[in-house]
Amino acid sequence: MQFIDLKTQQTPIREDIEQRIKAVLDHGQYIMGPEVTELEQRLAQYVGARHCLGVSSGTDALLIAMMALGIGPGDEVVTSPFTFISTVETIALLGARPVFVDIEPRTYNLDPTLLEAALTDKTRAIMPVSLYGQCADFLAINAIAAQRGIPVIEDGAQSFGATQRGERSCHLSTIGCTSFFPSKPLGGYGDGGACFTDDDELAKRMQQIRVHGQDRRYNHPLIGVNGRLDTLQAAILLAKLDIFPDEVERRAAVAERYRKLLGDMVVVPFVEDYNTSVYAQYTIRVEQRDEMLAALAAQGVPTAVHYPVPLHRQPAFASLGYPHASFPHAEEAARQVMSLPMHPYLKEADQVQIAEAVKVAVNG
Ligand SMILES: *Cc1c(COP(=O)(O)O)cnc(C)c1O
């Protein structure tokens, strides 16, 4: 049993992928080739956004989005302490200060009722994370941001394909960012990511920042980065995008089976009625996590913990000066969450076996 089974996914699309790669080898435009543009158009259409930019990773998507908004030293960016390191390291890399707001314990996403208190006259952006495949509450967050004229960036690295009130993730705020890291819901065979926006001016700035801040060759109005998506990655993602809508449905079916099998034994994912999740992770909550992890390992069930340490307690961010107990819901989640195998092709028989292993552990 695998935590994420990319091999099974590859079998039916292997020929398409090979053809797509072969086309790139034939035309030889490895940087910003036609596949990048084709992918950007298809992703923009899928998300419903005016603009899509393929970039080199989800991390660079966040960096480029914040650079386009002019975020730098002295600025504050409000985000969640319960996320992958990228969300916060990119803020720090720009010399800005990450300001944390605790999570809502059922969804693990930034709690909008705590947001207002974290805003100051230095707040330059709010960057909620749509964790485990479910979007943060952008209706509430955008309303607070709009009162102050603050832009909102969605870290949608785990939520590509999810919806909220009929809109797709990455089209819920000023800029939406996602990742195509192989294990994400839409994953390539290497690093990749994308930025989405409806704002023409921001799209233009992000396009320039992606290529060293240039508007034309050797002319650089902005300071930028090397943040392009490889043509070969775009080619692979085009083949994967064909089956992605079907995979989103399969993910929901797998999650529903898990809910039926596990719902009485452990805390299963809670999805708000205005959301659909893509279940980037199927993350449960247990009080005796070490015992559960050991019991599943003994039964050959792979697991992972996303994430064992909230970011305000990472050594790299000690200088922010947050006391340990600053964010009780994030702290408790970090102690209790664990993720089970999750991918579109997970078999019912495997899920039954996983549920049996959970049952043995729960009954001690
Ligand atoms: C994966 C991830 C990222 C970073 O994406 P990369 O493509 O690996 O750089 C950022 N934020 C979150 C929440 C993620 O899960």
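This passage describes a helix pair, an annotated lysine and a loop glycine in a predicted model.

Helix α8, spanning residues 289-298, packs against helix α10, spanning residues 348-362, at an angle of about 135 degrees. The axes of the two helices lie 9 Å apart. An angle of this size falls outside the ranges for roughly parallel (under 35 degrees), roughly perpendicular (65 to 115) and roughly antiparallel (over 145); α8 and α10 are therefore oblique to each other. Their crossing is right-handed. On the α8 side, the contact is formed by Met 292, Ala 295 and Leu 296, which meet Ile 354, Ala 357, Val 358, Ala 361 and Val 362 of α10. Classified by residue type, this contact comprises eight nonpolar residues, with no polar and no charged ones.

The second site is Lys 184, at which an unreviewed UniProt entry places the feature "active site". Lys 184 is located in the loop that runs between strands β8 (175-179) and β9 (193-197). Its relative accessibility is 19%, and because the limit for a buried residue is under 20%, Lys 184 counts as buried. When neighbours within four places in sequence are left aside, Lys 184 is in contact with Ala 157, Gln 158, Ser 179 and Arg 251.

Gly 28 likewise occupies a loop, here between helices α1 (6-27) and α2 (34-47). With a relative accessible area of 33%, which lies between the limits of 20% and 50%, Gly 28 is partly exposed. The C-alpha atom of Gly 28 is separated by 9.3 Å from that of Thr 231, although the two residues are 203 residues apart along the chain.

Methods: Residues are numbered from 1 along each chain as its sequence is written. This is a predicted model: local features need pLDDT of at least 70, side-chain atom pairs count only at pLDDT 80 or more; totals for chains, interfaces and linings use all residues. Side-chain values use heavy atoms; hydrogens and water are left out. Axes are lines fitted to C-alpha atoms, for helices over the stretch in contact, and angles run from 0 to 180 degrees between N-to-C directions. Helices (H or I, at least four residues) and strands (E, at least two) are DSSP runs, numbered from the N terminus. A crossing is left-handed if the near helix is turned anticlockwise from the far one by less than a right angle, and right-handed if clockwise. Contact means heavy atoms within 4.5 Å. Ala, Val, Leu, Ile, Met, Phe, Trp, Tyr, Cys and Pro count as nonpolar, Asp, Glu, Lys and Arg as charged, and the others, Gly among them, as polar. UniProt positions are given in the numbering used here, feature names are shortened, and annotations may be inferred rather than shown by experiment. Buried means under 20% relative accessible area, exposed over 50%, partly exposed in between (1.4 Å probe, protein chains only).
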